[in-house]
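User: I would like to go through the empty space in this predicted model, asking at each step what the wording rests on.

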Amino acid sequence: MGVADLADYPWDAVAPYAQRARRHPDGIVDLSVGSPVDETPERVRLALAAATDAHAYPQTSGTPALREAIADWYARRRGVAGLAADDVLPTVGSKELVALLPLLLGLGPGDIVVHPRAAYPTYAVGASLVGATPMASDDPAEWPADTRLVWLNSPGNPDGRVRDVESLRIAVARARELGAVLAGDECYAELGWEAPWDREPIPSVLDARATGGELAGVLSVYSLSKQSNLAGYRAAFLAGDPALVARLLTARKHLGLMVPAPVQTAMIAALADDRDVAAQRERYRGRRAVLKPAVEAAGFRVDGSEAGLYLWATEGRDAWESLDRLAGLGILAGPGHFYGPHFPQHIRLALTASDERIAAGARRLRGAGS
C-alpha cells in the first residue's frame with residue numbers, strides 16, 4: 001500500500017451534518033474535531049518571535065536546551081526521572097510521528113501493529129502504509145507472536161480512558177516478551193478529571209514502576225498542542241529507549257522532518273512554566289462541567305471520559321442517527337465509526353469550543369431532553 005491507496009479522509013462524511021448544524025438560528029456549536037480555540041500563551045509567542053532570525057538549518061536532534069527542557073519536563077510533570085539528552089527527540093507533530101513510526105522502524109508485510117479498540121485512525125493508517133497489519137486489541141494476552149509495534153493511548157482518544165501503572169506494567173512485559181516496540185501516545189496526560197486522576201498524575205509508560213527502571217523497547221510520545229494550545233506549531237516530542245531514539249534520529253537525518261528552529265525555542269518556553277498549563281486545564285474543566293450533565297440530560301450515557309478532551313457518549317442507536325439528531329440542534333459531533341468498528345453507537349464530543357459555544361450547546365441539549 002502506498003500514499004495513493006489511502007482511503008478518503010473520513011471527516012469528509014461529516015460535511016452534510018455540519019451544513020445542517022450551521023443553519024441553526026444561533027449558529028453551529030462545533031464539538032467535532034477538537035482543535036484548540038484558546039490563545040497560545042504569550043510567553044510562547046514572544047519566544048517564537050524572538051527566534052525568527054533562523055537562517056541556519058535547525059538541529060535534527062533538537063538543540064541541547066530543548067532536549068534538556070524535555071527531560072526536565074518528564075521528571076517534573078510525569079514522574080520520569082533520569083532521562084538524558086540521548087533519550088529524547090523533538091518531532092514535527094505527534095500525528096505525523098504516529099503515521100510514520102512503522103516506516104521509521106522498518107516494519108513491513110507480515111508485521112502486526114497493535115492499537116486500542118477505540119482508536120484514533122492514524123495508528124492503522126501508519127501500519128497499512130508499510131504493508132503491516134493493524135490489529136485492534138486492549139488485552140496484551142491477545143497480542144500475537146508477529147507483533148512488532150504496540151500503540152497504547154492513555155488517556156485515550158476518543159474514549160478518555162486511563163491505564164494505571166499495573167496495566168502499563170503488564171503491557172510493557174508482554175511487548176518485551178514479543179520483542180515488540182511499545183509506544184505510549186500520552187498527549188492528554190495533563191487533563192485528568194475523575195478520581196484518582198483529578199488528584200494524582202496520570203502515569204507514563206516510562207514510569208519506572210511499569211518499566212522496571214529499564215527503558216528498553218519503550219517510547220513515550222507527547223504533544224504540546226493540547227496542554228499549551230500549540231496545535232498550529234506542530235510541536236511534539238518522544239522519549240524512551242536511547243537505542244530506539246538513535247535509530248529514529250538516523251532515519252530523520254536522511255529524511256529531514258526537522259522541527260523549525262523558532263518552534264524549538266517556543267517549545268522551551270512552553271515546557272518551562274506550568275502556570276499556563278494549569279490555567280488551560282481549568283478552562284477545560286469548566287467546559288466539561290457545563291457540557292457533561294447537559295449531554296446526559298439529553299439522553300446520552302457518557303462512557304470512560306475520565307481524562308482528555310472529549311466526552312465519549314451513546315444514546316443506544318447508530319452514531320449517524322445521533323449525529324443527525326444533534327445537527328438538528330445545531331451541534332456537530334464525531335461518529336464512533338471513525339474510531340474503529342467496535343463502537344458504532346458512540347459519538348465523540350470535544351471540549352475545545354469556546355465557553356460561549358459550550359454554554360449554547362448545553363442549553364440546546366437540556367431543551368432537547370426536557
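User: What makes the lining of the largest cavity nonpolar, polar or charged, by class?
Analyst: The lining of the largest cavity has seven nonpolar, one polar and two charged residues. Its residues are T91, V92, E96, L97, L100, L104, L238, L248, R252 and L257. Since Val and Leu count as nonpolar while Glu and Arg count as charged, E96 and R252 in that lining are placed in the charged class.

User: How do you know which elements give two or more residues to the lining of the largest cavity?
Analyst: The elements that do so are β2 (88-92), α4 (95-104) and α9 (242-255). T91 and V92 are among the lining residues, and their numbers fall within the range of β2 (88-92). The most comes from α4, with four residues.

User: Why is this space called a cavity, and how many cavities of 30 Å³ or more does the structure hold?
Analyst: The word cavity is used because a 1.4 Å probe fits at its points but cannot get out. The structure holds three cavities of 30 Å³ or more, and about 100 Å³ of space lies in the largest of them.

User: What makes the second largest pocket a pocket, and what lines that pocket?
Analyst: A pocket is an open set of points, with protein on both sides within 12 Å along at least five of seven lines. In the second largest pocket there is about 280 Å³ of space. Its lining is made up of 18 residues, with P116, D138, D159, R161 and R163 nearest the centre. By class, these lining residues are seven nonpolar, five polar and six charged, and strand β5 (residues 147-153) contributes the largest share, three residues.

Methods:
Residues are numbered from 1 along each chain as its sequence is written. This is a predicted model: local features need pLDDT of at least 70, side-chain atom pairs count only at pLDDT 80 or more; totals for chains, interfaces and linings use all residues. Side-chain values use heavy atoms; hydrogens and water are left out. On a 1 Å grid over the protein atoms alone, a cavity is a set of points where a 1.4 Å probe fits but cannot get out, and a pocket is an open set with protein on both sides within 12 Å along at least five of seven lines; lining residues have an atom within 4 Å of a point. Grid points are joined across faces, edges and corners, and a volume is the space filled by probe spheres set on the points.
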